[in-house]
Every structure is written in C-alpha cells, then in structure tokens.
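Okay, everyone, thanks for coming. I'd like to walk you through a structure this morning, so let me put it up on the screen.

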Amino acid sequence: MAEKKFELTNLATGKKSLADVKSGTLGPDVLSIASLAKDHGMFTFDPGFMATASCESKITFIDGDEGVLMYRGYPIEQLAEKSNFLEVAYLLINGELPTSEQQTEFTHAVQYHTMINESLLRFFNGFQYNAHPMAMLSGVVASMAAFYHDSMDINNPRHREIFAHRIIAKIPTIAAAAYKHALGQPFMYPRNDLDYCANLLHMFFAVPCEQYNIDPVQAQALDLLFILHADHEQNASTSTVRLAGSTGTNPYAAISSGISALWGPAHGGANEAVLAMLEQIGTVDNVPKFLAKAKDKNDHFKLMGFGHRVYKNFDPRATIIRAMAHKVLAKLGKSDNPLFELALKLEEIALKDEYFVERKLYPNVDFYSGIIYSAIGIPQSMFTVMFAIARTVGWVAHWQEMIADPAMKISRPRQLYTGPATRQYVEIEKR
C-alpha cells in the first residue's frame, strides 16, 4: 500500500512541501504538520484544538457520530454489563483484562492502601468548613508528594505502579474526608473488607454512634457510574494531566492539575449544573415555559444535560445509565420527589419532542448521574468530586502511557500573537 502524503503549497510563493498522513487503528487519519514551520515558517491555528491530535494513544476510542465509546477496544456497553470498576481500572492502566490472579492482586493492592497518613488527614483542619470540596481535593492530592517522595521516580516502572495503586486507593478516602470536614462530622476510616464503592459509601455516610448498612443498589449504581466516567479520551482534564506531566513533574502534581481542570462548570461541573437547572425550573408545571425559553435563541436559559460536544448522535453512556437511574429512584422510594419527577418529565419530553429529536439533544450521562448522586444523598458540591474519583483511573493510564513513551517531550503549544508591535519605553514623566 502506497504511503499516504499531502502536498502543501504556498500559493503566494509556489513553494511546496510534503506532509505525512498517519493512520490509527480506528478513526480519521491525521496529517503530520511537524515540518510546516521548517518548510514554510508557519504554525497552524486551531483554537480549542478542535481538529488537532495532541498525542498518540492506545487507551480510549470515541466515535461521536456513531455514539461509540471503547476502552482498549472493548465496547463500553460490554464493560458496563459484565465488568466492575477495579477490573476496568486494571484494563485501562495495563492494556488487557486481568486474569483471575491478576485481578485478585490488583484489588488487594488497592483495598489495602486506602488509609491516608494521619498528618495528611490533619491537613483538612487548615480548610474553612465551607471550602469547596474540589479545592480540598486538589490541594490534598498535590500535597501527597510531600509524603511519598521516596517512590516518585517517574522513570522507574515499579514506582509508577506503586503510584497508580496508591492514588486509586486513596482518592475516595480523601474525597470522603473532604465531605466529612464540610459537615463537621468525624472522619470514618476505610474498611478493607468492603469493595471499592461500598467502602466509599461507608466513609461518606457512616457515623461512629450507630450502625450503617450499605445499600447494594447504591453501591452498584456508583460502580456503574465510575466505569462510565473512567476515561473519555483527550478531554480537557486529561490533556491537562498530560501537559503538566510532560514537564517531568511528580505524578501527584499532574493529577492535581487534572482535578483543577475538571472543576470547571463546562467540564466536570456539568451534572451539578443539571440539578441547578432543575431547581430553577421548580415544578413540572413550569416545564413548558422553560422549554420555550430553551428554544428561544435570544434567551440566555440553557437546558443542561442534553446533547454532547463529542457525541453528535447519542451518548452511549446515557443509554446505559438511564436504566440505573430509574432503578435507583424506584429502590430508594424517591421517585415522588418533585425534583426527580421534574427530571423524568424533562426526559420524557426530550425523547419525543420534535425540536430535541431533530437536533439530537438527548439526555446525556451528566443528566442521569446528577439524578443518581442526588438520590443517594450526595450533595451537589460533591458531584464533581465523584467524577474525579472515577476519572483518576483515566488520568493515571494516560500519564503512565506518556511517561513510558520514549518519544515523550515537553508540551509547548504555539500562539498567534496579536499584541502591539515593537515599542520604545517612555519615561514615566513623559507619559
């Protein structure tokens, strides 16, 4: 098969150069423009990197037009039905599904590293009681570099493995500590006899003065949500982790940078925005009025949790989580809650209304995840924290892939400068 190339021509000068075409396993080909600056003295301009492949990766594939999401080649539908979060974590980090022995070893490594240093735990006392949990999460994760500096050699594969186990194990503990700090309740230590999501529920909702019984439906719902949120290709927070990691910084600093990026309302805060929207609408009776506002181009109201920047047809994760959302509401007996009744009414309309159907504005995963978290009892301020717990696995996988790549170099985007041309300094008395 002939090697594919593009010929680029400067129409003003007639100068030509060749650009190689690179093909992946799936998805569109990409044009390598590495020689453009040398041949033509130019850079490319692509705000938001909407048409730029920033790296080569073997982890996740998305086809937004067809509604396809795959981890390491496995369709998300199969993993959601047959797998569990820690098995998916192993897959994303190591590239293959684990054997029974490998899964047992990996699960044990995570379950028995869930405790955090007592000095690190006291770090929470430095935060105001009303500090946002994401501020606490990013700060405490970054500070982990001060506690585990003896195993942070990024060029040592064993150190990278220890870091992966450590951060995946401890991120729920840190998140739960942030939640308890905000409530003024005693911190609950993790229990090694519980699985990943059951342990999280225990640390969130148990108190020392009484017995807490974990609802298996809630644990199942969290496990499913974590699978669906584990990775999503080169999104803003993952790209941030790669950008920070490319400097050679310690992995905790890189993950902390991803947490900070995820905090943005246009990224990880989307499910929080869904609940805020539902509260703004108020009741089912107000739905027609707000739908009219959503259809009015001159109105600032936006219907949150519908459609997706990447998925132009439907969000495959939403299709999976929809059934779980209804299951959770039915099990917890909260389907008669006005907020949930309103959410279900919006969902019903969006799946039938010609305006939404034509524009493919179907409910996305953020719409359903917010409903599930709220039904479980997790406050809106913690929604993005829950997202961060799941996405930590993807961040770790991408960080490890990048660090292990012999061709890795520090990321250094270019710019189109539109500021003043050369100016001469004027003494302050003459200005």
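**Salt bridges, holes and a greasy patch**

Let's start with Phe 301, which counts as buried because its relative accessibility is just 8%. Keep in mind that what you're looking at is a predicted model. If you want to find Phe 301, go to the loop between helix H13 (287-295) and helix H14 (316-332). There's a second phenylalanine to click on as well: Phe 290 sits 11 residues away along the chain from Phe 301, and their C-alpha atoms are separated by 7.8 Å.

While we're in that part of the chain, have a look at Asp 299 and Lys 293. These two form a salt bridge, with the closest N and O atoms 3.1 Å apart. Buried or partly exposed, what would you say for Asp 299? It's partly exposed, since the relative accessible area of Asp 299 is 25% and the cut-off for buried is under 20%. Lys 293 comes out as partly exposed too, at 24%.

So how many salt bridges does the structure hold? The count is 11. One I'd like to show you is Arg 242 with Glu 401, where the closest N and O atoms are 2.5 Å apart. This pair ties together distant parts of the chain: Arg 242 belongs to helix H10 (residues 236-245), Glu 401 belongs to helix H18 (residues 383-404), and the two positions lie 159 residues apart in numbering. Both partners are tucked away, too. Arg 242 is buried, given its relative accessibility of 8%, and Glu 401 also falls under the 20% cut-off, with 19%, so it counts as buried. Another of the salt bridges joins the side chains of Lys 16 and Glu 7, at 3.9 Å from N to O.

Now for the empty spaces. Rolling a probe the size of a water molecule over the atoms shows where there is room left. Here that gives two cavities of 30 Å³ or more. The largest cavity holds about 80 Å³ of space. Its lining includes Gln 111, Thr 114, Arg 191, Asp 195 and Met 203. Which elements give two or more residues to that lining? They are helix H7 (157-183) and helix H8 (196-205). By class, the lining of the largest cavity splits into five nonpolar, five polar and two charged residues.

The second largest cavity has about 40 Å³ of space. Among the residues around it are His 308, Tyr 311, Phe 314, Asp 315 and Lys 360. That lining is made up of four nonpolar, three polar and two charged residues.

There's a pocket I want to mention as well, the second largest one, at about 190 Å³. Tyr 90, Phe 106, Glu 161, His 165 and Gln 400 are among the residues lining it. Helix H3 (85-94), helix H4 (100-111) and H7 each give two or more residues to the lining of this pocket. So H7 turns up in both linings, for the largest cavity and for the second largest pocket. The pocket lining divides into four nonpolar, four polar and two charged residues.

Last stop, the surface. Phe 6, Leu 31 and Ile 33 make a nonpolar patch of about 260 Å². Phe 6 is in strand S1 (residues 5-9), and with a relative accessible area of 49%, Phe 6 is partly exposed.

That's my tour. Happy to rotate the model for anyone who wants another look.

Key:
Residues are numbered from 1 along each chain as its sequence is written. This is a predicted model: local features need pLDDT of at least 70, side-chain atom pairs count only at pLDDT 80 or more; totals for chains, interfaces and linings use all residues. Side-chain values use heavy atoms; hydrogens and water are left out. On a 1 Å grid over the protein atoms alone, a cavity is a set of points where a 1.4 Å probe fits but cannot get out, and a pocket is an open set with protein on both sides within 12 Å along at least five of seven lines; lining residues have an atom within 4 Å of a point. Grid points are joined across faces, edges and corners, and a volume is the space filled by probe spheres set on the points. Helices (H or I, at least four residues) and strands (E, at least two) are DSSP runs, numbered from the N terminus. Ala, Val, Leu, Ile, Met, Phe, Trp, Tyr, Cys and Pro count as nonpolar, Asp, Glu, Lys and Arg as charged, and the others, Gly among them, as polar. Patches are made of residues with over 30% relative accessible area and no salt bridge: like charges are joined within 9 Å, nonpolar side chains (Val, Leu, Ile, Met, Phe, Trp, Tyr) within 5 Å. Accessible areas come from the Shrake-Rupley method with a 1.4 Å probe; for residues, only the protein chains shown count as cover. A salt bridge is a side-chain nitrogen of Lys or Arg within 4 Å of a carboxyl oxygen of Asp or Glu. Buried means under 20% relative accessible area, exposed over 50%, partly exposed in between (1.4 Å probe, protein chains only).
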